[in-house]
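User: I've got a model to go through. Can you walk me through some of it?
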Amino acid sequence: MSLKLDSRGKGLGKESVLMMMAFAIENFSIHIFRAKIGESNEASLLMFRRLGFMEVSHSEIFKEVTLELQITDLKREELLQLSGTMVTHA
């Protein structure tokens, strides 16, 4: 079985996204995140929606969905707290 299939469903993608978001908020004062995801990538679309991202546009030409997440003060604190509790994987 390939590494790609062995890693699915373990939360590694979610954890990676949360770590990058926390880093961007802390170091670059980011206030909005935007993700462009292929419309057929159902797993990624679901993950980003579960993280609170909302669909803002859909491109028929490029077959992609654009999702955004506004960073409020509450969301900022939540993400920064999460970054301190991340589990590292070997």
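User: Which way do the side chains of strand β1 point?
Analyst: They alternate along β1, residues 32-38. F33, A35 and I37 point to one face and are buried (under 20% relative accessible area; exposed is over 50%, partly exposed in between; 1.4 Å probe, protein chains only). I32, R34, K36 and G38 point to the other face and are not buried. Strands are DSSP runs (E, at least two residues), helices likewise (H or I, at least four), numbered from the N terminus.

User: Is this predicted or what, and how is it numbered?
Analyst: The model is predicted: local features need pLDDT of at least 70, side-chain atom pairs count only at pLDDT 80 or more, and totals for chains, interfaces and linings use all residues. Residues are numbered from 1 along each chain as its sequence is written, and side-chain values use heavy atoms, leaving out hydrogens and water.

User: How many bridges join β1 to β3?
Analyst: Seven, and the strands run antiparallel. Pairing takes at least two DSSP bridges between two strands. β3 covers residues 64-70.

User: What stands opposite K36 there?
Analyst: T66 in β3. The side chains of T66 and K36 also make a polar contact of 3.2 Å. That term means N or O atoms within 3.5 Å, where, within protein, one must be able to donate a hydrogen and the other to accept it; residues adjacent in sequence count only if both atoms are side-chain atoms.

User: T66: buried or exposed?
Analyst: Buried, at 4% relative accessible area.

User: Switching over, where does G13 lie?
Analyst: In helix α2, residues 12-28. G13 counts as partly exposed because its relative accessibility is 38%.
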